Amino acid sequence: MQLPLVSALPAVNTMFRIAFVLALTTPLLHGVVLYSDDGLGVFDPVSGLSQASWGALHTAGLVCFGLAQVLLAHGLGAFGTGWLWPYGRAVLGACGVTTFYVAYYFSTADQQGLQGPGANDPLWIVACLVGLAMGALQPGIGRMANGLGRFNGLCLVLWILLIPAVLLVDVISIGVYERLVGAVYCVWVAGLCLGAGHFAKPASPQ
């Protein structure tokens, strides 16, 4: 079932497309930096890539991801989907802004800080915001389309399951765990961009 949209639908569609490309750019740049730096591997913390020889690309990837979330949150305003919807959009926008900070933090913090006990504190803040955004958006996304609702619900379940999985960090390494979390995060944002873009279409002429 397609819900009523506000005006400027072509612009909304373009916004979702741009956000989708930005969301895909992030793991692409991550892979490029990881492959280009022989001193780092998938077992190393993600933060280390921002200060690697090609670290500027990794920082750019995080900025792209933050921008993708801000654009997605703004574009979702074209849908009227219940009282929780504006709160979910606001939290999603906050996720994007916090991602900007993470990009800055990873690129400027000293190595001792990145290896200390509070190194991942910004990531925990983002993780909490993402879970809140997924939950708050779920009812409205389900009303947009059943399939998109199931997708968001699956991402939310995986996100919750990743919380206790942090206890396995000593077994799988912090780098692998962070990349699992990042994979779910990227797939969720890209999937919402793609799905919302599909439904943000002009209504058929009456």
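In this predicted model, S50 touches G55, H58, T59, L62, F106 and S107, residues up to four places away in sequence being left out of the count. S50 itself sits in the loop that connects α1 and α2. Its relative accessible area is 6%, and because the limit for burial is under 20%, S50 is classed as buried.

The overall fold is helical. The protein chain contains eight helices and zero strands, and read from the N terminus its elements follow the order α-α-α-α-α-α-α-α. Of its 206 residues, 46% count as buried. Considering contacts between residues at least 6 apart in sequence, 75% link residues at least 24 apart.

Several individual positions illustrate how the helices meet. G61 belongs to helix α2. With neighbours within four places in sequence set aside, G61 is in contact with T26 and L29. The C-alpha atoms of G61 and P27 lie 7.4 Å apart in space, although 34 residues separate the two in sequence. G61 has a relative accessibility of 2% and therefore counts as buried.

P122 is part of helix α5. Its contacts, not counting residues up to four places away in sequence, are T98, Y101, V102 and Y105. P122 and Y105 are 17 residues apart in sequence, with a C-alpha to C-alpha distance of 8.4 Å. The relative accessibility of P122 is 9%, so P122 also counts as buried.

S173 occupies the loop between α7 (169-172) and α8. Although S173 is not a glycine, it has a positive phi of about 85 degrees. The accessibility values of these residues are set out below.

| Residue | Relative accessible area | Class |
|---|---|---|
| S50 | 6% | buried |
| G61 | 2% | buried |
| P122 | 9% | buried |
| S173 | 16% | buried |

R179, in helix α8, presents a question of charge. R179 is buried yet has no salt bridge. The nearest side chain of opposite charge belongs to E178 and is 5.2 Å away; because a salt bridge requires a side-chain nitrogen within 4 Å of a carboxyl oxygen, this separation does not qualify. Apart from neighbours within four places in sequence, the contacts of R179 are H30, L34, G41, V42, D44, P45, V46 and L49.

E178 appears again in the description of the largest pocket. This pocket holds about 750 Å³ of space and is lined by 31 residues. Those that lie nearest its centre are L123, E178, V181, G182 and Y185. Which helices each supply at least two residues of the lining? They are α1 (9-36), α2 (55-75), α3 (85-108), α5 (121-144) and α8 (174-199). The largest share, nine residues, comes from α8. In character, the lining divides into 22 nonpolar, seven polar and two charged residues.

Two of the helices described above thus return in the pocket: α2, which contains G61, and α5, which contains P122, are both among the helices that supply at least two lining residues. Helix α8, where R179 lies, provides the largest share of the lining.

Methods:
Residues numbered from 1 in each chain as written. Predicted model: local features only at pLDDT ≥ 70, side-chain atom pairs only at ≥ 80, totals over all residues. Heavy atoms only, no water. 1 Å grid on protein atoms, 1.4 Å probe; cavity = no way out; pocket = protein on both sides within 12 Å on 5 of 7 lines; lining within 4 Å. Points joined across faces, edges and corners; volume = space filled by probe spheres on them. Helix = DSSP H or I, 4+ residues; strand = E, 2+ residues; numbered from the N terminus. Nonpolar A, V, L, I, M, F, W, Y, C, P; charged D, E, K, R; others polar. Buried < 20%, exposed > 50% of the residue type's maximum accessible area, 1.4 Å probe, protein only. Contact = heavy atoms within 4.5 Å. Lys, Arg positive; Asp, Glu negative; His and termini not counted.
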